[in-house]
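Q: Please take a close look at the spaces enclosed inside this protein, and tell me what surrounds them.

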Amino acid sequence: MGKEGGEEDALPLFETKEARFVGAYKVLAFTVFVGICLIFVYRLTHMPRAGEQGRWAWIGMFMAELCFGLYWILTQSCRFKVVYHYPFKERLSYRYKDQLPSVDIFVCTADPKMEPPTLVINTIFSVMSYNYPPEKLSIYLSDDGASELTFYALLEASSFSKHWIPFCKKFNIRPRSPSAYFAQQIDVQDITYGQEWLAMKELYKEMENRIDSVVEMGKIPKERRDRHKGFLEWNSKVTKKDHQSIVQIIIDGRDKSVMDIDGGRLPTLVYMAREKRPQWPHNFKAGAMNALIRVSSEISNAPFILNLDCDMYANDADTVHEALCFFMDDKRGHEISFVQYPQNYDNIMKNDIYGCSFSVPSNIEFAGLDGYGAAPYCGTGCFHRRESLRGKAHSKDYKGEWDIKAKKNADKTIDELEEASKVLTNCIYEKETQWGNKKGLIYGCTSEDVVTGLAIQCRGWKSIHHNPNRKAFLGVAPTTLDAALVQHKRWSEGMFQIFFSKYCPFIYGLGKIKLGAQMAYSIYLLFAPTSIPTLYYVIVPPLCLLHGISLFPQVKSLWFLPIAYVFVARNACGIAETLSCGDTLIAWWNSQRMWVFRRTTSYLFGFIDVVRWQLGLSKTTFTITTKVHTEDVLRRYEQEVIEFGSSTIAFTIIASLALLQLFSLIGGITKIALELEFKSLEQLIMQVILNLLLVMINIPVYQALFIRRDSGRLPASILFKSFVLASLACLMPII
């Protein structure tokens with residue numbers, strides 16, 4: 001296997017350590033659990049009698065709190081097993097030197113309008129210039145939009161890469177996405193570096209301008225089409241949803257004569273657009289990934305695969321070495337199917353107004369799933385073992401075959417490889433096969449990545465979640481509230497579909513993965529149904545306050561203590577987790593706002609759609625989050641001002657709930673002050689506090705309704721509809 005002799009060979013390539021806070025957290029969690037149980041006892045023993053006002057509201061509160069309590073128990077399963085990994089890249093390089101395995105890199109895009117070609121090729125550049133032997137790298141771009149504009153951009157990228165790759169390695173620059181690199185403030189002191197920096201930036205801008213001008217025209221000029229045979233694939237009959245298979249090997253990494261400007265080898269670069277026909281299901285990104293697995297098997301057949309979304313550029317040039325430490329470790333590497341890196345973003349502001357950073361899930365929850373050997377596959381930033389993706393089950397005697405080189409196609413020409421690959425991407429290829437079931441990514445839900453990871457783990461494989469100090473990949477987070485909510489609607493819907501499918505962790509994973517892992521998976525699979533108790537909690541207590549109906553114990557009652565303790569302990573713990581992950585206190589508060597917004601809109605819509613899907617009333621759809629925004633939208637995002645600006649049903653719900661809580665707080669406090677047949681403030685103080693917190697969370701909504709005058713405010717139509725709906729809700733009787 002190419003090892004060098006000596007004591008160095010006996011050392012592991014990575015080590016795993018348990019988080020230091022786990023023991024203390026278990027004690028805290030136990031006390032919170034006791035508090036939750038006492039709250040349930042209070043609800044059952046103090047329920048209003050039949051016929052008394054507020055009885056059904058009280059029963060509803062008990063049911064909502066029961067749901068919250070059970071969901072909280074699920075969230076504890078991952079916090080008890082948090083582990084972190086530390087790879088030793090130097091040992092890997094020493095031990096294997098020139099005998100490192102090949103790696104195939106998949107980049108997926110689907111729409112040149114929502115995912116601009118310049119964005120796509122910057123991701124391509126970042127992985128082409130990894131600090132890894134270029135002859136052992138093969139980059140595949142799957143274009144599900146079958147756009148000749150994207151193909152043209154990739155051709156331009158192949159030419160620019162001959163300059164960019166040696167520049168990156170000569171000066172060890174980072175990041176290696178040209179757009180991200182040139183956006184940095186760089187103090188150029190070395191004259192040689194400064195001259196080459198200016199020349200490279202000018203060369204990049206020229207390429208970028210050529211691509212942008214072609215995209216703006218919407219077609220490729222004839223003189224540019226004539227430069228490459230690949231453009232013959234596009235004619236007037238080719239559309240996004242109806243076209244033949246297209247496979248073009250733009251750079252053949254086998255050819256030693258294909259070099260960069262410094263005489264170095266170049267990685268293989270392939271463009272693929274699988275066949276699409278209106279009458280054939282294409283299974284969204286999962287179908288594209290499975291086509292990539294087959295095409296890459298024909299061309300390069302590397303034992304390891306990295307898959308990336310087109311907006312997730314590589315931020316660390318040594319990530320491949322880092323990931324291989326896990327796979328190639330002598331003691332534990334043969335058990336590992338995939339290594340998942342967290343999704344991080346380079347455009348998140350300090351206080352993360354849309355709660356997109358996922359710092360706590362990445363640093364704690366996913367690391368907790370890792371403790372069970374069941375880190376989830378998130379669809380991007382993930383290194384896979386090819387064998388496991390192709391359906392191989394793990395066995396105790398499996399040793400890994402990463403060092404076996406496939407040379408079956410070494411003598412084939414580019415044209416022969418392209419023609420053979422096209423057959424593998426035809427619509428009919430998967431008919432009556434195991435693809436989408438036992439081979440490749442699983443079909444049937446929009447969260448095909450999560451269910452695929454679960455299926456692989458149930459075949460006996462383990463997985464790693466690795467979150468290094470220098471982020472391995474950086475993407476583009478949503479810069480508008482609408483985009484953020486749409487993204488979470490898609491995620492919650494897809495994951496809830498898994499819970500209702502045969503892949504439900506408690507059924508499919510029974511006896512295959514640990515109970516703690518089954519519970520931890522369900523944290524995310526049950527995002528959608530958490531909308532129901534949340535919606536109840538933000539509507540009924542404010543209305544009861546308005547009508548003078550007490551739902552909580554008095555402050556002087558002993559029953560007040562468990563409720564207060566659970567509230568304080570859980571929020572204090574949440575703040576501590578947020579701060580420990582490097583976020584600010586304001587970011588934590590913003591995340592609380594976003595949880596309310598998501599649960600009352602995104603997760604609610606996801607819940608409804610899954611119910612309709614189960615009843616056969618709707619089909620699975622996939623929504624792409626746009627990566628393009630106007631300058632004024634980006635300016636407000638940088639100023640951390642929430643972007644509304646449209647008349648969606650989600651904004652109507654958010655505004656209606658905000659006004660309901662404002663009306664209830666003002667009306668309830670006014671009536672208490674006037675003592676109009678109301679109980680004392682002491683009996684309603686907890687509802688006042690809850691309502692006040694909800695009003696504070698909704699301050700940006702009130703600003704968007706009444707104060708702001710920019711284009712990101714809430715439209716007048718939303719103000720009218722929400723005012724009517726909130727007013728009608730205030731007139732509802734409480735039973």
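A: What follows describes the enclosed spaces of this predicted model, and then turns briefly to its surface.

The structure holds 2 cavities of 30 Å³ or more. The largest cavity contains about 50 Å³ of space, and its lining is made up of Val538, Val596, Phe597, Thr600, Ile654, Leu657, Gln661 and Asn698. If we ask which elements give two or more residues to this lining, they are the helices α20, which spans 585-600, and α23, which spans 649-674. Sorted by chemical character, the lining of the largest cavity has 5 nonpolar residues and 3 polar ones, with no charged residue.

The second largest cavity has a volume of about 30 Å³, and the residues that line it are Ser126, Ser129, Tyr130, Pro175, Arg176, Ala314, Asn315, Asp316 and Ala317. Here the lining divides into 4 nonpolar, 3 polar and 2 charged residues, whereas the lining of the largest cavity has no charged residues.

On the surface, Phe30, Phe33, Val34, Leu38, Leu70 and Ile73 form a nonpolar patch, and together they have about 520 Å² of accessible area. Both α1 (22-45) and α2 (55-79) supply at least two residues of this patch, and α1 gives the most, with 4 residues. One member of the patch, Leu38, is found in helix α1. Leu38 counts as partly exposed because its relative accessible area is 36%, a value that lies between the limits of 20% for buried and 50% for exposed.

Definitions and conventions. Residues numbered from 1 in each chain as written. Predicted model: local features only at pLDDT ≥ 70, side-chain atom pairs only at ≥ 80, totals over all residues. Heavy atoms only, no water. 1 Å grid on protein atoms, 1.4 Å probe; cavity = no way out; pocket = protein on both sides within 12 Å on 5 of 7 lines; lining within 4 Å. Points joined across faces, edges and corners; volume = space filled by probe spheres on them. Nonpolar A, V, L, I, M, F, W, Y, C, P; charged D, E, K, R; others polar. Patch = residues over 30% accessible without salt bridge, like charges linked within 9 Å, V, L, I, M, F, W, Y side chains within 5 Å. Areas by Shrake-Rupley, 256 points an atom, 1.4 Å probe, with all protein chains shown as cover. Salt bridge = Lys/Arg side-chain N within 4 Å of Asp/Glu carboxyl O. Buried < 20%, exposed > 50% of the residue type's maximum accessible area, 1.4 Å probe, protein only.
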